[in-house]
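Grab a pencil and work through these short exercises. Try each task yourself before you read the solution.

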Amino acid sequence: SRNMVLKWFEARRGLANALVGVATTVGFSSSPVIFNAMINRYDWQGAWRVLGLAVGIPFALVFLLMARDNPRECGLLPDNGVTPSRNRKAPETHPSADFTLREAQRTLTFWVFVAMVTLSALYFTGLTFNIVSVFGEAGMSRAQAVAIFLPASIIALILNLGAGWVSDHIRLKYLVMIQAVGVLVSSAAVLYLSTPATVLLLIIGNGINGGMFGIVVNVPWPRFYGTKNLGRISGFAAGWAVAGSAVGPYLFSLALDTFGGYGAVSILAAAVAVAVLFLAPFANRPDAPLPRS
């Protein structure tokens, strides 16, 4: 569904992705609060059933009736055929390059963005699944733990919209660097979580991470590598994000069982974020692939 939106826009791709990301950001950030309330009322089995019915029937029908893959199959052009002025074009868009997945994998830029989305998914999911325990280790209550998600979601929402618009005008590596800083701030806050100030830092770090995620996980692939193989390229990157989401909760639990706290996994996340910050300045638009025979 995200790839479909990216195909419908070119010059305003970042902004369009940001508008779609509003719902995603709100959904991810508010889900712990909603799920907590559903579990308290229906138990976890009942919460699963309600979610299954809501997603499996209404959403599937809406998608079936309303979704269209790309503008060309409807006789239209991206951005409704409107060509923006030169200063509004995305600065790194290839005019005609269409990379294969293997060609994309040979570029440093590809792996910098993949590393960032993997780290972001790993850290956010691991922290979210264990947030009550993280706060409990710091001597704070379940209510205090769940309360961080609403303000973080507000920050993420504002940043998602702002970064989406900005991404159509600047190099994407700067957004990766901002997201890495967000993970650094959040992981440092978890490491020293004990005061209202560190809770505030945790909220800010999570808000930055969430606000940048929707841009970094989607916009680079069509901008750098074209749309012909967009499904393969973005699917590969999304696979790493899913893997990160799966491993994150395990690493948080492993850190607690092995070291009696979450310091080790926080240091690991911070170290990877520093590595991304070091490599991000080199994550420029890759050169177009050589013509294929």
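**Exercise 1.** Is E103 buried or exposed?

*Solution.* Keep in mind that you're looking at a predicted model. Start by finding the residue: E103 sits in helix α3, residues 101-105. Next, check its relative accessible area, which is 15%. Buried means under 20%, so E103 is buried. Now look at what its side chain meets: one of its polar atoms lies 2.8 Å from the backbone nitrogen of T100.

**Exercise 2.** Work out how α4 and α8 are oriented relative to each other.

*Solution.* Two packed helices are described by the angle between their axes and the distance between the axes. Here, helix α4 (residues 108-129) and helix α8 (residues 173-191) have axes that come within 11 Å and cross at roughly 30°. Angles under 35 degrees count as roughly parallel, so α4 is roughly parallel to α8. Their crossing is left-handed. On the α4 side, the contact includes F113, M116 and Y123, while α8 brings in residues including K173, V176 and Q179. Sort the contact residues and you get 10 nonpolar, 4 polar and 1 charged.

**Exercise 3.** Do the same job for α8 and α12.

*Solution.* Helix α12 covers residues 263-279, and it packs against α8 at an angle of about 160°, with the axes 9 Å apart. Angles over 145 degrees count as roughly antiparallel, so that's the label for α8 and α12. This crossing is left-handed. Among the residues in contact are V181, L184 and L191 of α8, plus I267, A270 and L277 of α12. The tally for this contact is 15 nonpolar, 3 polar and no charged.

Conventions: Residues are numbered from 1 along each chain as its sequence is written. This is a predicted model: local features need pLDDT of at least 70, side-chain atom pairs count only at pLDDT 80 or more; totals for chains, interfaces and linings use all residues. Side-chain values use heavy atoms; hydrogens and water are left out. Axes are lines fitted to C-alpha atoms, for helices over the stretch in contact, and angles run from 0 to 180 degrees between N-to-C directions. Helices (H or I, at least four residues) and strands (E, at least two) are DSSP runs, numbered from the N terminus. Angles under 35 degrees count as roughly parallel, over 145 as roughly antiparallel, 65 to 115 as roughly perpendicular and the rest as oblique. A crossing is left-handed if the near helix is turned anticlockwise from the far one by less than a right angle, and right-handed if clockwise. Contact means heavy atoms within 4.5 Å. Ala, Val, Leu, Ile, Met, Phe, Trp, Tyr, Cys and Pro count as nonpolar, Asp, Glu, Lys and Arg as charged, and the others, Gly among them, as polar. Buried means under 20% relative accessible area, exposed over 50%, partly exposed in between (1.4 Å probe, protein chains only). A polar contact is a pair of N or O atoms within 3.5 Å; within protein, one must be able to donate a hydrogen and the other to accept it, and residues adjacent in sequence count only if both atoms are side-chain atoms.
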